[in-house]
Amino acid sequence: MLVCTGNTCRSPIAQALLQRRLDMLAADSGRTEYRIESAGLLSGDGYPASPEAVEVMREEGIDIRGHRSIGLKEKHIKKANLVLTMTTRHRDYLRELYPEKSDITYTICEIAEDLSGEVLDPYGLGLEAYRACLAQLKLLVDKLYDKIIESK
């Protein structure tokens, strides 16, 4: 299981993009072992994705209207094979909180070998900022997907 952490803007977008890629892989190979959860460090449970996130994902052909936030809990970290964060600050916090999982906790940019280091936070910045975030996450997810395939 892979856990994406972030806020109600970025992590459901990353989760949906990667899940779509892994679902295609599972359909092609007959595997069903991939499960991704999106959990927020500061969010509570049950909040929907932001309207802008829903819109940009609709434009991408993915419906995340049913997404509801989940606050990150220890059980998520314990079950995870990989924990991805959107920022280095989140990564460092989780490594400190769960040192036994620090070897599987990275920013999505680190895993994708992207030197930018951070995923843009579009919250409150309008639809174009969400589109820029989506474009960034699409590139990162493609690189992450390639790494997953290489490791199999």
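This passage goes through the confidence, fold, nonpolar cores and salt bridges of the structure.

The structure is a predicted model, so to speak a set of computed positions, in which local features need pLDDT of at least 70 and side-chain atom pairs count only at pLDDT 80 or more, while totals for chains, interfaces and linings use all residues. Residues are numbered from 1 along each chain as its sequence is written, and side-chain values use heavy atoms, with hydrogens and water left out.

The protein chain has an average pLDDT (the predictor's confidence in each residue, from 0 to 100) of 83, and 86% of the residues score at least 70. Confidence bottoms out in strand S1 (residues 2-6), with a mean of 54, and peaks in H2 at 95.

As for the fold, the chain has six helices and four strands; these are DSSP runs numbered from the N terminus, with helices (H or I) of at least four residues and strands (E) of at least two. Read from the N terminus, the order is β-α-β-α-α-β-α-β-α-α. Of the contacts (heavy atoms within 4.5 Å) with a separation of 6 or more, 68% are between residues 24 or more positions apart. The accessible surface is about 7,900 Å², and carbon and sulfur atoms hold 52% of that; the areas come from the Shrake-Rupley method with a 1.4 Å probe, and for residues only the protein chains shown count as cover. Of the 152 residues, 48% are buried, where buried means under 20% relative accessible area, exposed over 50%, and partly exposed in between (1.4 Å probe, protein chains only).

Now to the inside. A nonpolar core is a set of buried Ala, Val, Leu, Ile, Met, Phe, Trp, Tyr and Cys residues joined through side-chain atoms within 4.5 Å. The largest one has 31 residues, and Ile 13, Leu 17, Met 57, Ile 108, Val 119, Leu 137 and Leu 144 touch the most other members. At least two residues each come from helix H1 (10-29), helix H2 (51-59), strand S3 (82-85), helix H5 (108-111) and helix H6 (127-151), with H6 giving the largest share, nine residues. Setting aside neighbours within four places in sequence, Met 57 is in contact with Ile 13, Ala 16, Leu 17, Ile 62, Ile 64 and Leu 134. A second, separate core has eight residues, among them Ala 39, Leu 72, Val 83 and Leu 94.

Leu 72 also turns up beside a loop residue: its C-alpha atom is 8.1 Å from that of Ser 43, 29 residues away along the chain. Ser 43 sits in the loop between strand S2 (36-40) and H2 and is partly exposed, at 21% relative accessible area.

Twelve salt bridges were found across the whole structure, each a side-chain nitrogen of Lys or Arg within 4 Å of a carboxyl oxygen of Asp or Glu. Asp 142 and Arg 21 pair up at 2.4 Å, N to O, which links helix H6 to helix H1 across 121 residues. Both are partly exposed, Asp 142 at 34% and Arg 21 at 22%. Lys 78 and Glu 100 have their closest N and O atoms 3.0 Å apart; Lys 78 lies in helix H3 (residues 74-79) and Glu 100 in the loop between helix H4 (88-97) and strand S4 (105-107), so the bridge ties together parts 22 residues apart in sequence. In the bridge between Arg 91 and Glu 110, at 2.8 Å, Arg 91 is buried at 12%, whereas Glu 110 is partly exposed at 33%. Finally, Arg 20, Glu 60 and Lys 138 are joined into one network by salt bridges that share partners.
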